[in-house]
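Trainee: Could you take me closely through one part of this model, the helix beside the ligand, and place it in its surroundings? I would also like to know how much confidence the prediction deserves before we go into detail.

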Amino acid sequence: GFGALGPGRPSFRPPQPPQQSAAGLGSGSAPAAAPGPQPGNGQQPAFGPEGQLVLPEPLAMLDPKIVDNVFNEVLDRSAAIRWEDIAGQEAAKALVQEMVVWPIMNPQLFRGARAPPKGLLLFGPPGTGKTLIGKAVAANISATFFSISASSLTSKWIGEGEKMVRALFALAGVLQPSVIFIDEIDSLMTQRKAEGEHEASRRMKTEMLVQMDGCDPGSGERRLLVIGATNRPEELDEAARRRLPKQLYIPLPCAAARKVMLMNAFKRGSEVATALSDADIDKIVERTAGYSGSDMKNLIQEACQGPVRDLFRTRGNVTDVAPSDLRPVQLRDFQMASKAQKRSVSDTEVERQYAPVA
Ligand code: ADP
């Protein structure tokens, strides 16, 4: 647990300490702490005289086990995502940058009527890059990225949801600027009145609303941006909508985006060789209409297994196989793969739930 952390396990190292925030982000933050053990200096975790971890004040008041959970399971340390890693979604990428990245880069410009929204809602079919966009925003503003699914708050952290939410926002505040990505936010902020809505989940929801109200991504004390994502925007209640005033539809990837995904997988210098002609690529693009980004990723992975499977069939093992022994990936590998990986989102689903509100 957190309490057991000692200098021997220095895992509490913020990915981007607040002092190292990107240029232009410094305004409004606490003065940079001097390096070295300085227990109680307000923001940074530090080590006490006996080498024990001293948590900054906002965390010291919380249940250490819960803070530990947030630190280990919600704080996302995976590789940064660049905008160019996200195929297509050009309109969304441009809007997100305008709405939330610019204001954080230069808060001065975005005051009053230009003030940035406190939160952003990304909606659309699953597997289209909503999480990627959240991560790209975080990377772009050198923010710490927290990612949690709201349904895990109600299921996995049963009964502790309220505490988790409080700890999440406290830790995000300590490691600010932060982006808090809440997937399946509809499951938490639903307008459906669940029969006998649990007292615990009602309190968790209230805590979430209160915490969201305290966020101020542009400037000031709490540079936290909440990004909610949902496949069922119509289920969100009024309170959630008000706090996520900017709502962006993230559609299934268009043909050009699917082509980019294919080209990226096989671009020069990539590990996998192909013998796909331009016509083959176009055929794949055409036949993958309706595939999500994540469907595309799985399809490509499956197709790339084709040459390995073939070789295994003749040799009986793959131990002594060099990459150069494999034949290049061909159109027929995609034809095979498409039997295993079909599109996961149906047209009816797209029309019913995701059509942008005119
Ligand atoms: P969502 O949050 O919309 O459900 P994700 O962002 O988690 O979807 O996407 C899941 C995976 O699918 C990503 O990790 C990535 O591999 C792939 N993917 C989805 N959309 C795109 C995209 N636009 N460009 C590249 N890869 C994508």
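Mentor: pLDDT is the predictor's confidence in each residue, on a scale from 0 to 100, and since this is a predicted model, that is a sensible place to begin. The protein has a mean pLDDT of 82, with 81% of its residues at 70 or more, while the model as a whole scores ipTM 0.99 and pTM 0.83. Over residues 1-42, however, the pLDDT is below 50, although this stretch still has 65 contacts in the model beyond near neighbours in sequence. Where pLDDT is low, the predicted coordinates should not be read in detail. Among the elements, strand S1 (residues 46-47) has the lowest mean pLDDT, 63, and helix H10 (residues 278-287) the highest, 97.

The wider frame can be given briefly. The protein has 358 residues, of which 40% count as buried, and its secondary structure comes to 13 helices and seven strands. Of the contacts with a separation of 6 or more, 78% are between residues 24 or more positions apart.

The part to look at closely is helix H4, residues 130-140, which supplies at least two residues of the shell around the ligand, as does helix H11 (293-315). That shell holds 17 residues, and the closest to the ligand are Gly-129, Lys-130, Thr-131, Gly-293 and Ser-294. By class the shell is made of seven nonpolar, eight polar and two charged residues. Two of the closest residues, Lys-130 and Thr-131, are also among the buried residues of H4.

How enclosed is H4 by the rest of the structure? Ten of its eleven residues are buried, so the helix is largely enclosed by what lies around it. The buried residues include Leu-132, Ile-133, Val-137 and Ala-138, but also Lys-135 and Asn-140. They pack against helix H3 (90-105) and against strands S3, S4, S5 and S6. The helix lies across those four strands, S3 (119-123), S4, S5 and S6 (224-230), and runs at about 170 degrees to S5. Just after H4, Ser-142 takes a positive phi of about 50 degrees.

The strands under discussion belong to an open sheet of five, paired in parallel and ordered S4-S5-S6-S3-S7. Strand S4 (144-149) and strand S7 (246-249) are the edges, each pairing on one side only, and neighbouring strands are turned against each other by 20 degrees on average, with direction ignored. Although S4 is an edge strand, it is mostly covered, with five of its six residues buried. Six bridges join S4 to strand S5 (residues 178-183), and the two strands run parallel. Along this pairing, Phe-145 stands opposite Val-179 in S5, and Ser-149 has Asp-183 of S5 as its bridge partner.

The backbone on either side of S5 also repays attention. Most residues other than glycine have a negative phi, and most peptide bonds are trans. The peptide bond from Gln-176 to Pro-177 is cis, with omega near 0 degrees, and Pro-177 sits in the loop between helix H6 (161-174) and S5. On the other side, Glu-184 lies in the loop between S5 and helix H7 (199-213), and its phi is near 50 degrees, a positive value in a residue that is not glycine. Glu-184 is partly exposed because 19 other C-beta atoms lie within 10 Å, where a buried residue would need 20 or more.

A further residue with such a backbone is Gln-89, which has a positive phi of about 50 degrees although it is not a glycine. Gln-89 belongs to the loop between helix H2 (64-74) and H3, the latter being one of the elements against which the buried residues of H4 pack. With 25 other C-beta atoms within 10 Å, Gln-89 is therefore buried.

In summary, H4 contributes to the shell around the ligand, lies across four strands and has most of its length buried, with ten of eleven residues counted so.

Methods
Residues numbered from 1 in each chain as written. Predicted model: local features only at pLDDT ≥ 70, side-chain atom pairs only at ≥ 80, totals over all residues. Near = placed C-beta within 6 Å. Nonpolar A, V, L, I, M, F, W, Y, C, P; charged D, E, K, R; others polar. Contact = placed C-beta atoms within 7 Å. Pairing = 2+ DSSP bridges. Axes fitted to C-alpha atoms, helices over the stretch in contact; angles between N-to-C directions. Buried ≥ 20, exposed ≤ 12 C-beta atoms within 10 Å, placed from the backbone.
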